[in-house]
Amino acid sequence: MITDAKGRYFVSQKADRRKELLVNQACKTFTSAEGEPVKALDDVTLSIRLGEFFVMLGPSGCGKTTLLRSIAGLEHLDSGEIYLQDMALSGLPPHRRPVNTVFQSYALFPHLSVWENVAFGLKMDKLPKDKIAERVSEMLALVQLSDVGGRKPSQLSGGQQQRVALARALAKSPQVLLLDEPLSALDLKLRRGMQGELKRIQHQTGITFVFVTHDQEEALSLGDRIAVFENGRPAQVGTPEEIYRHPVNRFVADFIGDTNFITADVESEAGKSRIAIGGQRFDVEAPAGQTVTVAIRPENIAVGAPGPGKIDGKLAELTYMGTDLRCSVELPDGQALRVRISPPFPQLTPGGPVGIGIPADAIAVVAD
Amino acid sequence: MAARTAVRPGQLSAWFTTPAILLGLLFTLGPIVVITSFSFMSQPEAGSGVVMEFSLASYQHFLFQEDFYGQMYFDPRYLNAFGLSLWQAVGTTALSVGIGFPVSIWMATKPPKTQNMLVLLVTIPFWTNLLVRTYAWILFFSGDGTANTVLSWFGIEPQQLLYNSWSTLVALVYTFVPFAILPMYSALAGFDFRLAEAAYDLGAKKLDVVRKVLWPAVSGGVLSAVALCFVPAFGSYIQPVLLGGGKVLMVGNLIADQYGSARNWPFGAALSVIILVLTLVGAWALLAWAKRSAQTVSLAV
């Protein structure tokens with residue numbers, strides 16, 4: 001039972017609202033530079049579990065950053081609500097929300113030292129000085145920057161600035177930490193290191209991380225769960241494996257990892273829906289008479305010498321990548337498939353005939 | 001054999017800059033040297049000009065006069081002109097910066113294209129001669145001018161609005177508002193408004209954001225504005241002459257008088273040197289403050 005400020009009882013509309021950050025029917029429309037209305041958030045309903053590392057993935061302009069800023073209170077929703085457990089965030093100004101943000105540009109205060117940057121939020125909360133000092137030292141130790149507290153942000157490397165921004169946002173012990181493409185400005189090697197660091201810090205603090213990125217690899221490696229955004233709404237929400245193995249539509253399959261798309265007509269055969277790829281038949285869950293798109297991951301296809309039970313194809317291209325062999329094979333009907341082969345590598349001759357093996361479970365029918 | 005510094009491609013030998021340096025020295029140091037030496041020379045028996053005879057009389061003349069019996073006594077008349085200049089300069093600076101600051105914020109938060117347009121609008125007055133623009137204020141304040149016409153709509157009798165320190169102040173503020181807007185605008189335009197968002201996110205209220213984030217970033221620009229208004233307003237000449245009508249004696253007019261009707265060149269030079277020294281002390285203090293608080297204060301537009 002929960003009471004409001006006046007002591008009246010009210011019953012939470014949703015019983016399991018306790019352990020989640022709930023976005024309910026959020027809508028937000030912007031006006032573009034050309035004067036056209038753009039739906040940044042199109043009726044988004046999303047439940048983020050407290051304590052998880054949640055990744056919002058999508059191309060630029062898909063609404064993920066708008067949603068993040070709406071949770072922070074830097075953007076106002078046209079309609080819809082955001083709840084953190086039983087607290088309605090929507091009406092609160094940014095400084096009253098138990099949420100902090102790591103900005104894409106870091107937004108470190110240039111006139112303040114690293115130490116003062118981390119202390120900023122604590123000073124705003126009017127904490128006693130010794131508490132602030134203790135907390136700042138703790139945070140700088142957490143991000144391994146204890147020895148640069150006296151420096152100005154401009155004297156730090158990009159990776160260090162990134163970690164100061166993280167320490168500053170974590171210093172206030174937010175219930176939810178929002179990260180807006182925090183690693184996009186770092187080079188690849190540094191980004192990998194920071195990904196590990198973020199994962200470690202998230203485990204260590206137990207704080208809910210909501211992480212926005214357009215990098216699918218980053219999303220897969222970081223997220224406990226991922227929401228793939230398409231045109232202002234999540235197209236699919238799930239664990240990295242669910243999203244990778246069972247994409248709900250062509251957009252998600254295409255955005256996550258590398259995928260071959262094959263179109264085929266569904267035929268009814270012995271009461272089952274089937275499609276034919278290069279003369280081989282596969283059971284699918286789709287009504288007969290339709291044309292469907294199926295997604296096949298390159299690493300799930302086998303290529304070798306032609307033989308029975310294999311699809312006859314032609315090897316069009318072959319590239320040796322060290323850890324794997326990438327090739328392009330042509331099906332009898334002319335459709336091309338990209339294939340990634342792990343060692344041991346078979347003997348293949350570009351231009352020659354090959355046998356293509358597609359396991360039945362490698363085929364996923366995706367909506368367009 | 002003396003080693004010669006190699007000239008890199010795209011770089012000219014140091015000799016090519018010599019004419020520019022000489023010209024620069026001639027027109028900046030030259031007048032200062034002339035004025036400073038004049039201030040330590042003597043007045044000729046008759047007529048204007050100076051005679052080459054060392055004298056501190058001009059500096060003494062600033063504060064003391066000789067009475068009929070040859071006794072020196074303290075005369076605050078010239079000091080009063082300094083005082084009036086000081087007040088006019090303080091008023092001009094306060095009003096110009098006060099009007100300019102909200103305008104600068106408004107400008108800096110517009111889309112980039114609009115901002116360029118607005119900067120152009122602010123600089124439009126510079127395209128017309130200052131003398132002409134100051135004359136326009138005479139027409140505005142005159143007996144049958146715009147100001148009195150507006151007053152008459154409210155049934156107020158025509159007033160003598162011209163030739164006092166208030167009309168002078170209005171013309172000075174009018175002149176210096178663009179000089180206040182430009183440096184403050186440029187500081188604000190360089191301000192990353194995402195920092196304000198970060199501050200809000202970390203629990204800062206509006207006032208905290210202005211005090212702790214916006215002000216440290218733009219205070220350098222505000223100080224530049226103060227310096228750019230105060231220094232020229234202190235020595236202003238046209239506005240007190242035209243709108244003060246000879247009744248408002250500011251340092252600028254006082255100096256002009258010494259080279260004109262009063263025919264006391266050494267004293268005019270001494271007054272200029274006093275202003276120069278005061279200004280240098282002020283600028284030095286400003287820069288020292290700027291260095292201590294790691295601010296960028298620009299003393300030029």
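A residue is called buried here if 20 or more other C-beta atoms lie within 10 Å of its own, exposed if 12 or fewer do, and partly exposed in between. With that meaning in hand, the buried residues of helix α3 of chain B can be named: they are A81(B), S85(B), Q88(B), A89(B), T92(B), T93(B), S96(B), V97(B), G100(B), S104(B) and M107(B). The structure they belong to is a predicted model.

**Helix α3 of chain B**

Helix α3 of chain B covers residues 77-108, and its 32 residues should span 46 Å at 1.5 Å a residue, which agrees with the 45 Å that separates its end C-alpha atoms. The helix nevertheless bends by about 25° at F101(B), and a proline, P102(B), follows within four residues. Its buried residues are covered by elements of chain B that include α4 (112-123), α7 (165-189), α9 and α11 (251-259).

**Helix α8 of chain B and the contact with chain A**

Where do the two chains touch? In the model, 15 residues of chain B are in contact with 17 residues of chain A. On the chain B side, the elements that give two or more residues are α8 (193-201) and α9 (206-234), and the largest share, six residues, comes from α8(B). Sorted by kind, the residues of this side of chain B divide into nine nonpolar, one polar and five charged.

Helix α8(B) also has buried residues, namely L195(B), E197(B), A198(B), A199(B), Y200(B) and D201(B). What covers them includes parts of both chains: α1 (64-72) and β8 (99-102) of chain A, together with α9 of chain B. Just after this helix, G203(B) takes a positive phi of about 100°.

**The build of chain A**

Chain A is divided into domain 1, residues 20-247, and domain 2, residues 260-366, and the C-alpha centres of these two domains lie 41 Å apart. Its secondary structure comes to eight helices and 23 strands, and its C-alpha atoms fill a box of roughly 80 × 50 × 45 Å, taken along the principal axes. Of the 368 residues of the chain, 35% count as buried. Among contacts in chain A between residues at least 6 apart in sequence, 64% join residues at least 24 apart.

One pair of residues shows how positions distant in sequence can be compared in space: H203(A) and F53(A) are 150 residues apart in sequence, while their C-alpha atoms are 9.0 Å apart. H203(A) is found in helix α5 of chain A, and it is exposed because only 11 other C-beta atoms lie within 10 Å, where the limit for an exposed residue is 12 or fewer.

**Nonpolar cores**

In soluble globular proteins, nonpolar side chains tend to be buried together. The largest nonpolar core of this model has 95 residues, and those with the most contacts inside it are V118(A), V210(A) and V228(A). Domain 1 and domain 2 of chain A both give residues to this core, so it lies between them. Leaving aside its neighbours within four places in sequence, V118(A) is in contact with V136(A), M139(A), L140(A), V164(A), A167(A), R168(A) and A171(A). Apart from this core lies another one, of 45 residues, among them F141(B), F179(B), A225(B) and W265(B).

**Backbone details in chain A**

Most residues other than glycine have a negative phi, and most peptide bonds are trans. Two residues of chain A that are not glycine take a positive phi, and the table gives their values.

| Residue | Phi |
|---|---|
| Q85(A) | near 50° |
| E181(A) | near 40° |

Is each of these residues buried, partly exposed or exposed? Q85(A), in the loop between β6 (79-84) and β7 (87-88), counts as partly exposed because it has 15 C-beta neighbours inside 10 Å, a number between the two limits. E181(A), in the loop between β9 (176-180) and α5 (188-205), has 20 other C-beta atoms within 10 Å and is therefore buried, since 20 or more is what that word requires.

The peptide bond between P343(A) and P344(A) is cis, with omega about -5°. P344(A) is found in the loop between β21 (336-341) and β22 (353-357) of chain A.

Technical notes. Residues numbered from 1 in each chain as written. Chains lettered and ligands numbered in written order. Predicted model: local features only at pLDDT ≥ 70, side-chain atom pairs only at ≥ 80, totals over all residues. Domains from an automatic or database assignment. Core = buried A, V, L, I, M, F, W, Y, C linked by C-beta atoms within 7 Å. Contact = placed C-beta atoms within 7 Å. Nonpolar A, V, L, I, M, F, W, Y, C, P; charged D, E, K, R; others polar. Expected span 1.5 Å × (residues − 1). Bend = angle between axes of the 7 residues up to and from the residue.
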